[in-house]
Amino acid sequence: MIQIGKILKKVPIFKMLGKESIDFIVERLKFKTFEEGENICKIGDPGEEMFIIISGATDICIGEEGQQQVVATLKSGDYFGEMALLTGEPRSATVIAKETTETFLLYKNDFDVILEKYPSISLSMGKIVSQRLRETLKKAASVTGGKKEGFEAKSDGSGPSGTLKDMALVDLISFCEANSLTGEMNLRSGDKEGVFTFERGQLLSVKLDDLGEDEALDTMLSWNDGTFEIHVRPLTLKTGSESAGDDDEEDVTKKLLIVNNSRVVRRVIERAFKGLGYEVSTASNIATALDVISTLSPDLIISDIKLADGSGVEFIRQTRDQQAIPFIFLTDNAVKPEFEQQLREIGDAELTKTHEVSEIVKLVENKLL
Ligand code: CMP
């Protein structure tokens, strides 16, 4: 048990979890070994589980059997199979053991329970999933487009682009469907620009000027020359509560107030927590924050230790005159021992030097859940 915990602590998504949380996950893991050349999962199949590699290596492959292309090779500490569990989509790639590979396996039910309990994991996974999806799509583009010029995978984070001479519009639409695209495909010819919107490979809308959808599609199908660009939108992951599919517990939205001088810090933290289903308000100084507190009654306040109209200690004291709300203070600098002492006396206030969002999420979860 202790041994497994140690291995898990090396996996980036679990790194920030405490011992108790690691034990919770360890209890749900199964051990499985795959021999060299063995198919661990197959593209297009439904996803029942995800895997964490303990030792060995796996190739992530796309394309038909016999003509497979390796998109990536994963090693000890990496994980795979999470995409189908997070999105509900079929497997996006075939995974083959490159050598004897030992894994921990986590079934969907347990995965859902863990994500529900530790939303910070889905936050870190979400970033990786979007990145993997983009890479796989690029690779698929180069396989589909073959050596044709004009169908190229860019390296700037956007999706494939090219010319309609090299790839007909019908083939482009099939490509987007086959690769479960969530995003837009823009088509340009002369001064005209049309937009196809896809959600998980389904064509949702076709727009060109103010034409109706059928007319817009017919017009673009007749374009003999022009260019296209595919833009992948980051995935919206299912939240923990959605994926657990458990509705006996009442879902109470937690309210957060973020108080910080820096607009960027406010935005980054706000986005992360909104993505996790929190109701988030922000304020840049104490005066505005106190107004928000009296109307919103947040469950927790994340604040800078120095604000334009006073210190963190002044802020927490004025807040506590109104309401007993827990605080998390963020700081980059060496903190004066008096400040830490004052916070201890006031109580229910923590200090963290991290600005790593996943770490802040973890602190908030520990306080509120
Ligand atoms: P899933 O789609 O469930 O099954 C295949 C897995 O391969 C997928 O989850 C990811 O874990 C992994 N995968 C897909 N594309 C990539 C990539 N570009 N880089 C690394 N891993 C990938």
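## The shell around the ligand

Let's begin with the residues that wrap around the ligand in this predicted model. Sorted by class, the shell has nine nonpolar, three polar and four charged residues. In total, 16 residues surround the ligand, and the closest are Gly81, Glu82, Arg91, Ser92 and Thr136.

Where in the fold do the shell residues come from? Strand E5 (69–75), helix H3 (82–87) and helix H5 (119–145) each supply at least two of them.

## Backbone atoms beside the ligand

Now zoom in on the oxygen atoms of the ligand. One ligand oxygen is 2.8 Å from a polar backbone atom of Gly81. For Ala84, a polar backbone atom is 2.9 Å from an oxygen atom of the ligand. With Met83, the distance between a polar backbone atom and a ligand oxygen is 3.4 Å. How much of the ligand does the protein bury? Taken alone, the ligand exposes 460 Å², and the protein buries 99% of that area.

## A sheet that includes E5

Strand E5, which you met as a supplier of shell residues, also belongs to a sheet. This open sheet has four strands, in the order E2-E7-E4-E5, and their pairing is antiparallel. Strand E2 (39–41) and E5 stand at the edges with a single partner strand each, so one side of each has no neighbour in the sheet. On average, neighbouring strands here are turned by 30 degrees against each other, ignoring direction.

Look at one pair inside this sheet as an example. Strand E4 (residues 57–62) and strand E7 (residues 94–97) run antiparallel and are joined by four bridges. Across this pair, Asp59 stands opposite Ile96 in E7.

## Another four-stranded sheet

Next comes an open sheet of four strands with the order E1-E8-E3-E6, where the pairing is antiparallel. Which strands stand at its edges? They are strand E1 (30–34) and strand E6 (79–80); each has a single partner strand, so one side of each is left without a neighbour in the sheet.

Inside this sheet, strand E3 (residues 49–55) and strand E8 (residues 101–107) run antiparallel, with six bridges between them. Ile52 stands opposite Phe104 in E8. A helix joins the picture too: H4 (residues 108–117) lies across E3 and E8, and H4 runs at about 70 degrees to E8.

## Asn285 in its loop

Finally, follow the chain to a loop between strand E16 (279–283) and helix H10 (286–296), where you will find Asn285. Which residue shares a side-chain polar contact with Asn285? The partner is Thr288, and the contact between the two side chains is 2.5 Å.

Asn285 also touches residues from other parts of the sequence. Once its neighbours within four places in sequence are set aside, Asn285 is in contact with Val259 and Asp309.

How values were computed
Residues are numbered from 1 along each chain as its sequence is written. This is a predicted model: local features need pLDDT of at least 70, side-chain atom pairs count only at pLDDT 80 or more; totals for chains, interfaces and linings use all residues. Side-chain values use heavy atoms; hydrogens and water are left out. A residue is near a molecule or strand if one of its heavy atoms lies within 4 Å of it. A polar contact is a pair of N or O atoms within 3.5 Å; within protein, one must be able to donate a hydrogen and the other to accept it, and residues adjacent in sequence count only if both atoms are side-chain atoms. Accessible areas come from the Shrake-Rupley method with a 1.4 Å probe; for residues, only the protein chains shown count as cover. Helices (H or I, at least four residues) and strands (E, at least two) are DSSP runs, numbered from the N terminus. Ala, Val, Leu, Ile, Met, Phe, Trp, Tyr, Cys and Pro count as nonpolar, Asp, Glu, Lys and Arg as charged, and the others, Gly among them, as polar. Two strands pair if DSSP finds at least two bridges between them. Contact means heavy atoms within 4.5 Å. Axes are lines fitted to C-alpha atoms, for helices over the stretch in contact, and angles run from 0 to 180 degrees between N-to-C directions.
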